[in-house]
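Visitor: I am new to this structure and should like to learn how to read it. May we go through it feature by feature?

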Amino acid sequence: MKLSDIEQTGLLALNELRECVALETLLISATRNCALTTSDSWKNDNEQVFNEVVRWLQRCISLKRLHLEYFPGSPLLIMEVLSGARFRLKSLTVSWRKSSQPELYASLAHQPDLQEVIIRSHPPLDNLLANDASCAALVGAIRKWSNLHELDIDEPLTLGTIEQICKTGRVLEHFCFTSPKIDDSFLQPLATLPQLKRLLIRGPSVLTPEGLLQFAQRLDEQPHGSHKRLFITLEQQLHKFSEQAKKEVSKAFKDRFRGYFEEFQNVLERWQSLHR
């Protein structure tokens with residue numbers, strides 16, 4: 001089931017779907033206006049509706065894919081649902097207007113079948129300071145996701161968190177993350193991922209061409225590595241590479257993996273490149 005661009009009136013009528021319990025996929029996207037004008041604590045204002053939505057989702061025992069975009073209070077809703085859920089999710093996408101919460105990650109640890117986890121805030125976070133509690137809860141959850149293939153998260157992560165993720169996520173193929181300042185030291189644990197095929201570093205990053213060339217070499221030297229068509233994107237590289245350095249790095253990824261490398265100084269520059 002897919003519900004797109006719902007307004008506040010639609011949000012407060014979701015309980016009318018309580019008999020639709022044979023769902024395997026549920027995708028709900030609210031309008032930006034709904035996200036901005038509806039309180040994240042709408043449970044307190046509309047407790048009966050909120051509780052009926054929770055019970056409805058808990059009864060969807062075949063649910064495998066849940067996608068909530070611009071959905072007010074989505075962390076609280078998910079935590080309430082998972083407290084009594086009998087389904088086993090394989091894919092979860094959540095975006096809302098505030099930063100992540102440690103309690104959300106802790107609740108997701110009870111979904112061991114997750115293969116795809118995408119958690120973002122809209123607009124993107126201004127505060128890039130890593131939250132130790134959130135990082136610890138995320139690592140704890142990832143230890144339970146033995147078949148995690150994609151992790152896309154804009155919760156700022158520390159180098160220690162990246163190291164723990166790379167030790168645990170041995171089948172991780174797509175990894176998108178941010179951190180207060182990403183330098184070449186972050187590439188060392190990433191080079192141990194045996195299945196890495198897509199790496200998006202949202203930044204801000206201060207990576208060097210030498211670090212990336214060494215990263216490519218270490219990946220290529222893995223005895224059981226699988227990195228065909230590896231795609232690397234630096235979304236906010238603070239120190240732009242020279243044209244010669246960019247050619248050398250691009251050539252290394254192309255020759256070794258038939259891959260692709262791109263670097264931008266800001267999100268707008270990347271957006272413009274995608275819409276040329």
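Guide: Let us begin with strand pairing, bearing in mind that the model is predicted. E9 and strand E10 (residues 260-263) are paired over four bridges in the parallel sense. Within this pairing, Leu 234 stands opposite Glu 263 in E10.

Visitor: What path does the chain take from E9 to E10?

Guide: From E9 the chain passes through H11 and then reaches E10, a β-α-β crossover that is right-handed.

Visitor: Which strand pairs with E9 in the parallel sense over four bridges, and what is the bridge partner of Ile 201?

Guide: Strand E8 (residues 198-205) pairs in the parallel sense with strand E9 (residues 231-234), over four bridges. The bridge partner of Ile 201 is Leu 234 in E9. Here the chain goes from E8 through H10 to E9, and this β-α-β crossover is right-handed.

Visitor: What holds strands together in general?

Guide: Strands of a sheet pair through backbone hydrogen bonds, and the pairing is either parallel or antiparallel. In this structure, another parallel pair is formed by strand E6 (residues 150-153) and strand E7 (residues 174-182), with three bridges. Asp 152 stands opposite Cys 176 in E7.

Visitor: In what order do the strands of the sheet stand?

Guide: The order is E1-E2-E3-E4-E5-E6-E7-E8-E9-E10, an open sheet of ten strands with parallel pairing. Strand E1 (2-6) and E10 are at the edges; each has a single partner strand, so one side of each lacks a neighbour in the sheet. On average, and with direction ignored, neighbouring strands of this sheet are turned by 10° against each other.

Visitor: How should I read the packing of two helices, for example H10 and H11?

Guide: One considers the angle and the separation of their axes. Helix H10 (residues 209-220) packs with helix H11 (residues 243-257) at an angle of about 5°, and their axes are 10 Å apart. H10 is therefore roughly parallel to H11. On the H10 side, the residues making the contact include Leu 212, Phe 215 and Leu 219; on the H11 side, they include Val 249, Phe 253 and Arg 256. By class, this contact of H10 with H11 has eleven nonpolar, one polar and three charged residues.

Visitor: At what angle do the axes of H7 and H8 cross?

Guide: The axes of helix H7 (residues 132-142) and helix H8 (residues 159-168) cross at roughly 5° and come within 10 Å. H7 is therefore roughly parallel to H8. Cys 135, Leu 138, Val 139 and Ile 142 of H7 make the contact with Thr 161, Gln 164, Ile 165 and Thr 168 of H8. By class, there are five nonpolar, three polar and no charged residues in the contact of H7 with H8.

Visitor: Where does helix H5 lie with respect to the strands?

Guide: Helix H5 (residues 74-82) lies across strand E3 (65-69) and strand E4 (91-96), and runs at about 145° to E4. Seven of the nine residues of H5 are buried, so H5 is largely enclosed by the rest of the structure. Among them are Leu 77, Ile 78 and Met 79. The buried residues of H5 pack against helix H4 (47-58), E3, E4 and helix H6 (102-108).

Visitor: How many helices and strands does the chain have, and what share of its residues is buried?

Guide: The chain has twelve helices and ten strands. Of its 276 residues, 48% are buried. Among contacts between residues at least 6 apart in sequence, 76% join residues at least 24 apart.

Methods. Residues are numbered from 1 along each chain as its sequence is written. This is a predicted model: local features need pLDDT of at least 70, side-chain atom pairs count only at pLDDT 80 or more; totals for chains, interfaces and linings use all residues. Side-chain values use heavy atoms; hydrogens and water are left out. Axes are lines fitted to C-alpha atoms, for helices over the stretch in contact, and angles run from 0 to 180 degrees between N-to-C directions. Angles under 35 degrees count as roughly parallel, over 145 as roughly antiparallel, 65 to 115 as roughly perpendicular and the rest as oblique. Contact means heavy atoms within 4.5 Å. Ala, Val, Leu, Ile, Met, Phe, Trp, Tyr, Cys and Pro count as nonpolar, Asp, Glu, Lys and Arg as charged, and the others, Gly among them, as polar. Two strands pair if DSSP finds at least two bridges between them. A crossover is right-handed if, with the strands pointing away from the viewer, the path from the first strand over the helix to the second runs clockwise. Buried means under 20% relative accessible area, exposed over 50%, partly exposed in between (1.4 Å probe, protein chains only).
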